[in-house]
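Subject: Structure handover

Hello,

Please find the structure below. My notes on what was found in it follow.

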Amino acid sequence: LAHMKNKKYKQAKVLFQRVMKESDDRLWQGRAQYELGHVYYKSREYRSAEKAFDRAFKVYGEPLALFHLGRCAVKRGQDLTAATRFKEFVQRYPNMKGAAEALWQTGMAYQRRGRHRDARKMFLQLAERYSKSEYADQAAWRAGFALYQTRQYTVASKAFLGLAGRTDEAYMRDQAYYWAGKCFQKLGKDE
């Protein structure tokens, strides 16, 4: 792992491959396979990273490898594949570290593809299920914005005002009020 921290990816790659080949300990083999995925990811070799993470998940049962498969798909511009991977991760491991981020990434992937209703669903699920996460307020805002993008201004204004009333973040509150105002403008209500 020292090679990883020092960004000596070639040396780390050789070390992890050696552990997988020479170790009789399945736990060590699985860990090395997972870390090899990180080496490839950090080296921007996303196809190789996907193969390593896929093997770490399917052969060794490493749960976070599924999350990282989603990240690789994002890097390769495969948003719908990423969304599928992230959703599967949340379904299988809803209480694991990364679940809130996986929903966030799913919503963002859908939003990039113009699938605003699907994005909204993911953002709402995140805001409700992981209300204490660092993504919760931003997800609630994105859910409102998805409504705005689909011209559902009345419902969007309510979503933005609801967020403004419950968030502790001044910036998020200002954004929520601003976009509620934009909804009112679209509805012909200058309130």
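I begin close to the end of my list, with one residue. Leu187 is partly exposed, because its relative accessible area is 33%, and the cut-offs are under 20% for buried and over 50% for exposed. Leu187 sits in the segment that follows helix H11 (170-186). Leaving aside residues up to four places away in sequence, Leu187 touches Tyr153 and Thr154. Its C-alpha is 26 Å from that of Ala170, and the two residues are 17 positions apart in sequence.

Before going further, please keep in mind that this is a predicted model. The mean pLDDT of the chain is 90, and 94% of the residues reach 70 or more. The confidence varies between elements: helix H6 (residues 79-92) has the highest mean pLDDT, at 97, and helix H1 (residues 2-5) has the lowest, at 53. Where pLDDT is low, the predicted coordinates should not be read in detail.

Overall picture

What is the chain built from, helices or strands? It has 11 helices and zero strands, so an element list read from the N terminus contains α at every position.

The radius of gyration of the chain is 20 Å, whereas a compact globule of 191 residues would have one near 16 Å. Along the principal axes, the C-alpha atoms fill a box of roughly 70 × 30 × 30 Å.

Of the 191 residues, 47% count as buried. The chain exposes about 11100 Å², and carbon and sulfur atoms supply 47% of that area. Among contacts with a separation of 6 or more, 45% are between residues 24 or more positions apart.

The chain has 38 positive and 20 negative charges. The mean positions of these two sets are 5 Å apart.

Two arginines with positive phi

Most residues other than glycine have a negative phi. Which values do the two arginines below have?

- Arg44 has a phi near 65 degrees, which is positive although the residue is not glycine. Arg44 is in the loop between helix H3 (26-42) and helix H4 (46-58). Its relative accessibility is 67%, so Arg44 counts as exposed.
- Arg151 has a positive phi of about 60 degrees, and it is not a glycine either. Arg151 is in the loop between H9 and helix H10 (153-166). Its relative accessibility is 65%, so Arg151 counts as exposed.

Two more residues

Where is Lys21 found? Lys21 belongs to helix H2 (residues 9-22). Lys21 is exposed because its relative accessible area is 73%. From Lys21 to Ala32 the distance is 9.9 Å, C-alpha to C-alpha, with their positions 11 residues apart in sequence.

Ser133 is in the loop that links helix H8 (116-129) and helix H9 (136-149). Which residues does Ser133 touch, if those up to four places away in sequence are not counted? They are Ala100 and Leu126. Ser133 and Leu27 are 106 residues apart in sequence, and their C-alpha atoms are 31 Å apart in space.

When you open the model, you could look up these residues one by one and compare them with the notes above.

Best wishes

Definitions and conventions. Residues numbered from 1 in each chain as written. Predicted model: local features only at pLDDT ≥ 70, side-chain atom pairs only at ≥ 80, totals over all residues. Heavy atoms only, no water. pLDDT = per-residue confidence, 0-100. Helix = DSSP H or I, 4+ residues; strand = E, 2+ residues; numbered from the N terminus. Rg over C-alpha atoms; globule rule 2.2 N^0.38 Å. Buried < 20%, exposed > 50% of the residue type's maximum accessible area, 1.4 Å probe, protein only. Contact = heavy atoms within 4.5 Å. Areas by Shrake-Rupley, 256 points an atom, 1.4 Å probe, with all protein chains shown as cover. Lys, Arg positive; Asp, Glu negative; His and termini not counted. Charge placed at Lys NZ, Arg CZ, Asp CG, Glu CD.
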